[in-house]
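Here is a set of questions and answers on a protein model, written for a reader who has the coordinates open.

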Amino acid sequence: MILISTHKNGIKPKQHSLQLPPAKPLKLWEIAGVGYNFVRLAGLSGTAAVVMGAYAKHCLSNISDPSVKMEAKNIFDTANRFHFLHSIVLLAMPLVRRPALTGSLMAAGTFLFSGPMYYRALTGDKTYVQVATCGGFCLIAAWLSLIF
């Protein structure tokens, strides 16, 4: 039979005093490293998406033909949605394995997809539609680059 003696407050472990140095606050650009420029580009791209959304609200309201107006609005909404989404995704580029590759494909794809779509919605000219297709392939490649 083993007897354990206890004090009236129970068993108390030994207290060790370990002094840790104070944590140094990290700045965003230090955490992001080389991918920080993509964070800055995300800010610029997001600003452009907001400006384009406001600009289209005024420009598209001047179209008198309802069917043309609806088509232009649908095309513009698609371009603006992709622009916003990929602007937000650019914020995550410092976290990916290959930020230069993924970020470059994402930025180029956003520009090449949304730009011609904005142009088509605002002018009705379908000349640059194939450029939007190339932009879409860049965006697909950017998303796939996250896998490898």
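The questions below go from the overall fold to individual side chains.

Q: How many helices and how many strands are there in the protein?
A: The model is a predicted one, and its elements, read from the N terminus on, run α-α-α-α-α. The count for the protein is therefore zero strands and, as helices must be DSSP runs of at least four residues, the number of helices is five.

Q: Among contacts between residues at least 6 apart in sequence, what percentage join residues at least 24 apart?
A: A contact here is a pair of residues with heavy atoms within 4.5 Å. Among such contacts in the protein between residues at least 6 apart in sequence, the share joining residues at least 24 apart is 68%.

Q: What part of the exposed area of the protein do carbon and sulfur atoms supply?
A: Buried residues make up 28% of the 148 residues in the protein. The area that the protein exposes comes to about 10,800 Å², and the part of it supplied by carbon and sulfur atoms is 67%.

Q: Which residues does UniProt mark with the feature "transmembrane region", and what is the helix content over residues 127-147?
A: The UniProt record, an unreviewed entry, places this feature at residues 100-121 and 127-147. In the model, residues 100-121 are 100% helix and 0% strand, with their end C-alpha atoms 31 Å apart. For residues 127-147 the end C-alpha atoms lie 34 Å apart, the strand content is 0%, and the helix content is 81%.

Q: Why is the pair of F76 and Y118 called tilted, rather than stacked or edge-to-face?
A: Ring planes under 30 degrees apart would count as stacked and those over 60 as edge-to-face. The ring centres of F76 and Y118 are 4.8 Å apart and their planes stand at 40°, so the pair falls in the remaining class, tilted.

Q: Which helices does the pair of F76 and Y118 link?
A: Both F76 and Y118 are buried. They are 42 residues apart and so link distant parts of the chain, F76 being in helix 3 (residues 66-90) and Y118 in helix 4 (residues 99-123), which gives the answer as helix 3 and helix 4.

Q: What kind of aromatic pair do Y119 and Y128 form?
A: Y119 is partly exposed at a relative accessible area of 33%, and Y128 is partly exposed as well, at 42%. Their rings lie 5.4 Å centre to centre with 70° between the planes, and the pair is edge-to-face.

Q: Which backbone oxygen does the side chain of T110 reach?
A: T110 lies in helix 4 and, with a relative accessible area of 6%, is buried. Leaving aside neighbours within four places in sequence, T110 is in contact with H83, H86, G115 and L139. The backbone oxygen that its side chain reaches, at 2.7 Å, is that of M106.

Q: How far apart are the C-alpha atoms of T110 and F82?
A: Along the chain, T110 and F82 are 28 residues apart. In space, the separation of their C-alpha atoms is 7.1 Å.

Q: Which residue meets E71 in a salt bridge, and is that residue buried or exposed?
A: Side chains of opposite charge can pair when their charged atoms come close. The side chains of E71 and R120 meet in a salt bridge at 3.1 Å, N to O, and this pair links distant parts of the chain, with E71 in helix 3 and R120 in helix 4, 49 residues apart. E71 counts as partly exposed at 38% relative accessibility, whereas the residue asked for, at 18% and thus under the 20% limit, is the buried R120.

Q: What is the N to O distance in the salt bridge of K73 and D77?
A: A search of the whole structure finds two salt bridges, and K73 and D77 form one of them, both lying in helix 3, four residues apart, about one turn of the helix. K73 is partly exposed at 42%, and D77 is likewise partly exposed, at 31%. The N to O distance between their side chains is 2.9 Å.

Technical notes: Residues numbered from 1 in each chain as written. Predicted model: local features only at pLDDT ≥ 70, side-chain atom pairs only at ≥ 80, totals over all residues. Heavy atoms only, no water. Phe/Tyr/Trp six-rings, centres within 6.5 Å; stacked < 30°, edge-to-face > 60°. Helix = DSSP H or I, 4+ residues; strand = E, 2+ residues; numbered from the N terminus. Buried < 20%, exposed > 50% of the residue type's maximum accessible area, 1.4 Å probe, protein only. Polar contact = N/O pair within 3.5 Å; in protein donor to acceptor, adjacent residues only side chain to side chain. Areas by Shrake-Rupley, 256 points an atom, 1.4 Å probe, with all protein chains shown as cover. UniProt positions renumbered as here; feature names shortened; annotations may be inferred. Salt bridge = Lys/Arg side-chain N within 4 Å of Asp/Glu carboxyl O.
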